[in-house]
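Reader: Hello! I am new to this structure and would love a close look at one part of it. Could you walk me through the cysteines and what surrounds them?

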Amino acid sequence: MKKILVCLVCVFIGSSAIAHSVAYNTNSHIYHKHSCEWAHKCTRNCINIDSTEAKKRGGRPCRVCGG
């Protein structure tokens, strides 16, 4: 029973750690980590949202930073 509980806690923690804030370009539908050089260059069409929301909007990760 303890092993099952520990596994469920690990799954919950792991899934919540996946979603993080990203810079999402509403024109190109590409999202970047905030530390990415392309996120710093994106000023006009970028918004800050969670990575899961960016994926729901049809976004793909940046080829440089991996989103």
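Author: Happy to help; here is a short tour, from the whole protein to its cysteines and then to two residues beside them.

Please keep in mind that this is a predicted model. The protein has 3 helices and 4 strands, and from the N terminus on these elements follow the order α-β-β-α-β-α-β. Of its 67 residues, 27% are buried. The accessible surface is about 5000 Å², with carbon and sulfur atoms accounting for 61% of that area. Many links reach across the sequence: among contacts between residues at least 6 apart, 61% join residues at least 24 apart.

Now to the cysteines. The structure contains 1 disulfide, and the partners are Cys42 and Cys46, with a distance of 1.6 Å from S to S. Their link is right-handed, with 100° about the S-S bond. Cys42 and Cys46 are both buried.

What about Cys36? Its closest cysteine sulfur is in Cys65, at 3.7 Å, and that is too far for a bond, because a disulfide needs sulfur atoms within 2.5 Å. Cys36 is buried, as its relative accessible area is 5%. Cys62 is likewise in no disulfide, and its nearest cysteine sulfur, that of Cys65, lies 3.9 Å away. With a relative accessible area of 7%, Cys62 counts as buried, because the cut-off is under 20%.

Two residues help to place Cys62 and Cys65 in their surroundings. One is His32, which sits in strand β2, residues 30–32. His32 is buried, with a relative accessible area of 8%. Setting aside residues up to four places away in sequence, His32 touches Cys62 and Cys65, along with Val22, Ala23, Trp38, Ala39 and Gly67.

That last partner, Gly67, is the other residue to look at. Gly67 belongs to the segment after β4, the strand at 60–61. Its relative accessible area is 5%, so Gly67 is buried. Leaving out neighbours within four places in sequence, Gly67 is in contact with Cys62 and Pro61, with Tyr31, His32 and Lys33, and with His20 and Val22. For Lys33, the C-alpha to C-alpha distance to Gly67 is 5.0 Å, although the two are 34 residues apart in sequence.

To find this part in the view, you could start at His32, go to Cys62, which His32 touches, and then move on to Gly67, which is in contact with Cys62 as well as His32.

Technical notes:
Residues are numbered from 1 along each chain as its sequence is written. This is a predicted model: local features need pLDDT of at least 70, side-chain atom pairs count only at pLDDT 80 or more; totals for chains, interfaces and linings use all residues. Side-chain values use heavy atoms; hydrogens and water are left out. Buried means under 20% relative accessible area, exposed over 50%, partly exposed in between (1.4 Å probe, protein chains only). Contact means heavy atoms within 4.5 Å. Accessible areas come from the Shrake-Rupley method with a 1.4 Å probe; for residues, only the protein chains shown count as cover.
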